[in-house]
Amino acid sequence: MKSVIAEKIKETLVSVLPITAIVVLLKVFFVKEMPMDMFYALLIGVFFLCVGFFLFSLGTDMGMLPMGEMLGEGITKINKRTLAILICFLIGILVTVAELDLHVLAMQVTSSSIEVFTFVFVVGFGVGMFLVMALLKLVFKLKIKYILSISYGLIFLLTIFANKNFIPIAFDASGATTGPITVPFIMALGAGLASISGSKNTEEDSFGLIGICSIGPIFSVLLLGFFYDFGYTEDVVQTIGGGFWSVLGSFFMKLPSYMLEVFISLIPILVFFTVYQLIKRKITKRRIVKLIVGILYTYFGIVLFLTGANAGFVPAGRFFGESLGAIDYNWILIIIGFIIGLAIILAEPAVHILNNQVEEITGGAIPKKTMFISLALGEGISVALNMVRVLYHINILYFLIPGFGLAIILGFFVPNIFTSIAFDSGGVAAGTMSGAFIVPFSIGVCTAVGGNMMQDGLGAIGIIAMTPILTIQLVGLIYKLKSRTKKIKHRKKSKHNKLDEQIIEIGD
């Protein structure tokens with residue numbers, strides 16, 4: 001246990017400290033006029049982030065992942081396919097409604113014509129529909145590349161008729177659904193389904209659920225846009241005032257509201273799991289205790305992480321964006337964005353879950369280090385591209401159509417497992433820290449340069465969810481080329497050995 005805790009502490013520090021160092025350097029060299037209370041809030045937020053990340057990491061291993069795996073195994077044992085589909089659909093809605101990242105986005109983009117709950121439920125409906133699609137993929141042994149090709153083809157066809165204001169929100173909603181609650185649960189569900197589905201490609205089938213589920217919100221939000229109007233809710237950055245202790249006190253004042261929100265979010269999942277287990281199977285008391293402890297760790301981890309991210313990083317991100325966007329040489333934001341992207345991927349809790357799962361299921365064939373490097377480069381490029389888009393008011397589709405188009409094409413040339421992991425990675429990369437820092441950072445830049453908030457300020461999460469898909473697929477392409485080269489060398493070596501044997505026989 002001590003070794004596990006030491007490993008988690010190391011993982012936490014490696015994850016959170018790089019983005020902290022970059023933000024502090026921005027404050028020292030570029031934004032010296034930053035109010036001290038906002039800087040204190042940032043530092044306190046880092047502490048909350050570290051403790052929250054640590055608890056969340058422990059909790060998912062003990063609670064959320066085992067729950068998802070047990071549900072996945074249970075669903076495959078249901079004889080009635082209709083009932084299995086209904087359960088998958090309900091799980092998709094419940095975990096999405098529970099996702100706090102989505103609620104944060106909803107509060108910014110909803111207007112008087114549409115309530116937050118309506119927006120969240122519609123997104124959850126989309127996730128539920130495509131979680132059913134993921135189940136059918138396993139049942140009928142469908143290739144993920146065909147599902148992705150058809151789905152994204154229909155999406156971009158739909159964007160021709162959609163209002164331009166809805167497009168960034170739809171892709172943001174897709175990324176916001178895959179946060180710290182959804183990712184571990186759906187990934188574990190996929191592993192459980194694949195383990196006893198009778199498939200010969202268990203490794204390949206364990207991935208891809210997040211990538212498929214991420215399609216649903218794009219469809220549902222684009223369709224919602226034909227019936228409702230969206231608006232951007234202006235959130236003015238406010239300073240707290242006072243010194244360090246006053247700022248710290250404000251954090252503890254915000255804790256109860258986050259505790260209530262996270263509690264309400266987790267309750268539907270826990271009730272559903274409890275009822276399902278009482279009906280379908282029995283688990284030992286020892287395992288129940290471990291699950292409860294894991295869920296408590298997860299609960300407090302998410303509470304602290306969200307408090308640190310939203311109270312510390314959101315105001316700082318908005319302030320940095322406005323300040324840097326107003327300088328004469330604001331093109332430097334493209335470089336700064338790339339560096340921020342490289343660092344912030346390490347602080348995404350769901351990224352660590354995915355990387356651990358990839359290394360474990362592939363038996364180390366795809367190591368965590370390779371995943372981290374690929375995702376970091378992808379996120380760095382994403383944030384840089386987003387800065388280009390915001391600074392020069394470029395339509396988001398000029399990035400999304402070529403990006404996802406290339407990803408679909410690569411899917412026909414790389415091993416299927418890399419395509420599945422790549423599209424999972426896209427959803428995971430656009431996590432809590434992206435929403436807490438990069439989104440307000442983009443909004444701040446948009447405000448400074450006088451851009452259209454709906455079309456330029458929003459959409460950062462959508463861009464972030466795209467580029468890591470390409471970097472992971474490129475790793476898959478390199479992997480395939482290396483494997484082919486090794487096979488050719490092995491064949492040549494075998495031919496030479498046979499020729500040597502023939503020469504020896506002739507000599508004898």
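Let's settle one term before anything else: a residue counts as buried under 20% relative accessible area, as exposed over 50%, and as partly exposed in between, using a 1.4 Å probe and protein chains only. By that yardstick, Lys-141 is partly exposed, at 49% relative accessibility.

What you have here is a predicted model, in which local features need pLDDT of at least 70 and side-chain atom pairs count only at pLDDT 80 or more, while totals for chains, interfaces and linings use all residues. Residues are numbered from 1 along each chain as its sequence is written, and side-chain values use heavy atoms, with hydrogens and water left out.

Now the overall picture. The protein has 22 helices and zero strands; both kinds of element are DSSP runs numbered from the N terminus, with helices being H or I of at least four residues and strands being E of at least two. Of the 508 residues, 57% are buried. Take contact to mean heavy atoms within 4.5 Å. Among contacts between residues at least 6 apart in sequence, 87% join residues at least 24 apart.

On to the interior. A nonpolar core is a set of buried Ala, Val, Leu, Ile, Met, Phe, Trp, Tyr and Cys residues joined through side-chain atoms within 4.5 Å. The largest one holds 169 residues, and Ile-91 and Tyr-152 touch the most other members. Helix H2 (residues 36–76) gives the most to this core, with 20 residues.

H2 is also home to Phe-53, which is buried with a relative accessible area of 2%. Leaving out residues up to four places away in sequence, Phe-53 touches Glu-11, Thr-12, Ser-15, Phe-305, Leu-346, Ala-347, Glu-348, Pro-349 and His-352. Val-16 sits 37 residues from Phe-53 along the chain, and their C-alpha atoms are separated by 8.6 Å.

Next, how the helices pack. Two packed helices are described by the angle between their axes and the distance between the axes. The axes here are lines fitted to C-alpha atoms, for helices over the stretch in contact, and the angles run from 0 to 180 degrees between N-to-C directions. Angles under 35 degrees count as roughly parallel, over 145 as roughly antiparallel, 65 to 115 as roughly perpendicular, and the rest as oblique.

Start with H3 (residues 81–97) and H5 (residues 116–139), which pack at about 140° with their axes 7 Å apart. That angle makes H3 oblique to H5. Their crossing is right-handed; the rule is that a crossing is right-handed if the near helix is turned clockwise from the far one by less than a right angle, and left-handed if anticlockwise. The residues of this contact divide into 18 nonpolar, four polar and one charged. For these classes, Ala, Val, Leu, Ile, Met, Phe, Trp, Tyr, Cys and Pro count as nonpolar, Asp, Glu, Lys and Arg as charged, and the others, Gly among them, as polar.

Tyr-152 turns up again where H6 (residues 144–158) packs against H18 (residues 416–429), at about 45° with axes 9 Å apart. These two helices are therefore oblique to each other. From H6 come Ile-144, Lys-145, Leu-148 and Tyr-152, and from H18 come Asn-416, Thr-419, Ser-420 and Phe-423. By class, that gives four nonpolar, three polar and one charged residues. Besides Phe-423, Tyr-152 touches Ile-215, Ile-218, Phe-404 and Ile-408, not counting residues up to four places away in sequence.

Then there's H7 (residues 166–176), where 11 of the 11 residues are buried. H7 and H11 (residues 215–224) pack at about 150°, with axes 7 Å apart. That makes H7 roughly antiparallel to H11, and the crossing is right-handed. Among the residues making this contact are Phe-166 and Ala-170 of H7 and Ile-218 and Val-221 of H11. The contact has 10 nonpolar, one polar and no charged residues.

Finally, a few individual residues. Ser-374, in helix H16 (residues 368–392), is buried at a relative accessible area of 6%. Ser-374 touches Thr-471, Ile-472 and Val-475, again leaving out residues up to four places away in sequence.

Most residues other than glycine have a negative phi. Lys-141, in the loop between H5 and H6, has a positive phi of about 55°. His-393 likewise has a positive phi of about 55° without being a glycine. His-393 lies in the loop between H16 and helix H17 (397–410), and at 43% relative accessibility it is partly exposed.
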